[in-house]
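Grab a pencil and work through a few short exercises on the protein shown here. Try each task yourself before you read the solution.

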Amino acid sequence: FPAPYFNLLPRLVRDRESIALTYVLDKDGWVTVKIFDSRGKLVRTLLPRQWQPAKSGDEYGVSKIIWDGREGKLLVDGLYIGQLVLEQPDSRPQVLYRRIQVYRAQ
């Protein structure tokens, strides 16, 4: 992987599903994963600054975080932004964003 990879499913139906956030790191570093609402307000920190190795042996590891679409209570319908920050010693942080739509099942 020439760069870190961050993915989330584009939709979350409240009350029925959880969402899996997956990521792969290109280098060891401190990882932070946060969810923001469409106005930029922090909704939830899913992974506070935590050191993670990029590889296990010779293979890149795929990390997964399960999120139930809550911030203590169910989120209102709308657009949310997932943010992954990878910090490494002696280099600038790499920041990746992904969108997610949260809505109620009809």
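The exercises below start with the overall layout and then move to single strands and side chains. Keep in mind that this is a predicted model.

**Exercise 1. The overall layout**

Task: Find how many helices and strands the protein has, and work out what share of its residues is buried.

Solution:
- Step 1: Go through the secondary structure, and you get zero helices and ten strands.
- Step 2: Write the elements down in sequence order, and the pattern reads β-β-β-β-β-β-β-β-β-β.
- Step 3: Now look at burial: 39% of the 106 residues count as buried.
- Step 4: Turn to the outside, where the accessible surface is about 6700 Å², with 48% of it belonging to carbon and sulfur atoms.
- Step 5: Finally, take the contacts between residues at least 6 apart in sequence; 59% of these join residues at least 24 apart.

**Exercise 2. Strand β4 and its partners**

Task: Which strands pair with β4, and in what sense? Then decide whether β4 is enclosed or open.

Solution:
- Step 1: On β5, the pairing with β4 is antiparallel and runs over seven bridges. Within it, valine 33 stands opposite leucine 47.
- Step 2: Look at how the chain gets from β4 to β5: the two form a hairpin with four residues between them. In that turn, glycine 40 has a positive phi of about 95°.
- Step 3: On β9, the pairing with β4 is also antiparallel, over eight bridges. Here phenylalanine 36 has isoleucine 81 as its bridge partner, while lysine 34 has glutamine 83.
- Step 4: Seven of the nine residues of β4 are buried, so the strand is largely enclosed by the rest of the structure. Strand β9 (residues 78-87) is mostly covered, with eight of its ten residues buried.

**Exercise 3. A close look at threonine 32**

Task: Is threonine 32 buried or exposed, and which residues does it touch?

Solution:
- Step 1: Place the residue: threonine 32 sits in strand β4.
- Step 2: Check its relative accessibility, which is 10%. Buried means under 20%, so threonine 32 counts as buried.
- Step 3: List what it touches, skipping residues up to four places away in sequence: Leu47, Pro48, Arg49, Gln83, Leu84, Val85 and Glu87.
- Step 4: Pick out the polar contact in which the threonine 32 side chain reaches the backbone nitrogen of arginine 49 at 3.4 Å.

**Exercise 4. Rings and charges**

Task: How many aromatic pairs are there? Classify what you find, then look for charged side chains over ring faces.

Solution:
- Step 1: Two rings pair if their centres lie within 6.5 Å. By this rule you end up with one aromatic pair.
- Step 2: Tryptophan 30 and tryptophan 51 make up that pair, at 4.7 Å centre to centre and with 70° between the planes. Planes over 60 degrees apart count as edge-to-face, and that is the label this pair gets.
- Step 3: Find the rings along the chain: tryptophan 30 is in β4 (residues 29-37) and tryptophan 51 in β5 (residues 42-52), so the pair links parts of the chain 21 residues apart.
- Step 4: Check how covered they are. Tryptophan 30 is partly exposed because its relative accessibility is 25%, and tryptophan 51 is partly exposed because its value is 42%.
- Step 5: Look for charges. Arginine 49 lies over the face of tryptophan 30, at 4.4 Å from the ring centre. Lysine 55 lies over the face of tyrosine 60, at 4.9 Å from the ring centre.

How values were computed:
Residues are numbered from 1 along each chain as its sequence is written. This is a predicted model: local features need pLDDT of at least 70, side-chain atom pairs count only at pLDDT 80 or more; totals for chains, interfaces and linings use all residues. Side-chain values use heavy atoms; hydrogens and water are left out. Rings of Phe, Tyr and Trp (its six-membered ring) pair if their centres lie within 6.5 Å; planes under 30 degrees apart count as stacked, over 60 as edge-to-face and the rest as tilted. Buried means under 20% relative accessible area, exposed over 50%, partly exposed in between (1.4 Å probe, protein chains only). A charge sits over a ring if NZ of Lys or CZ of Arg is within 6 Å of the ring centre and within 35 degrees of the ring normal. Contact means heavy atoms within 4.5 Å. Accessible areas come from the Shrake-Rupley method with a 1.4 Å probe; for residues, only the protein chains shown count as cover. A polar contact is a pair of N or O atoms within 3.5 Å; within protein, one must be able to donate a hydrogen and the other to accept it, and residues adjacent in sequence count only if both atoms are side-chain atoms. Two strands pair if DSSP finds at least two bridges between them.
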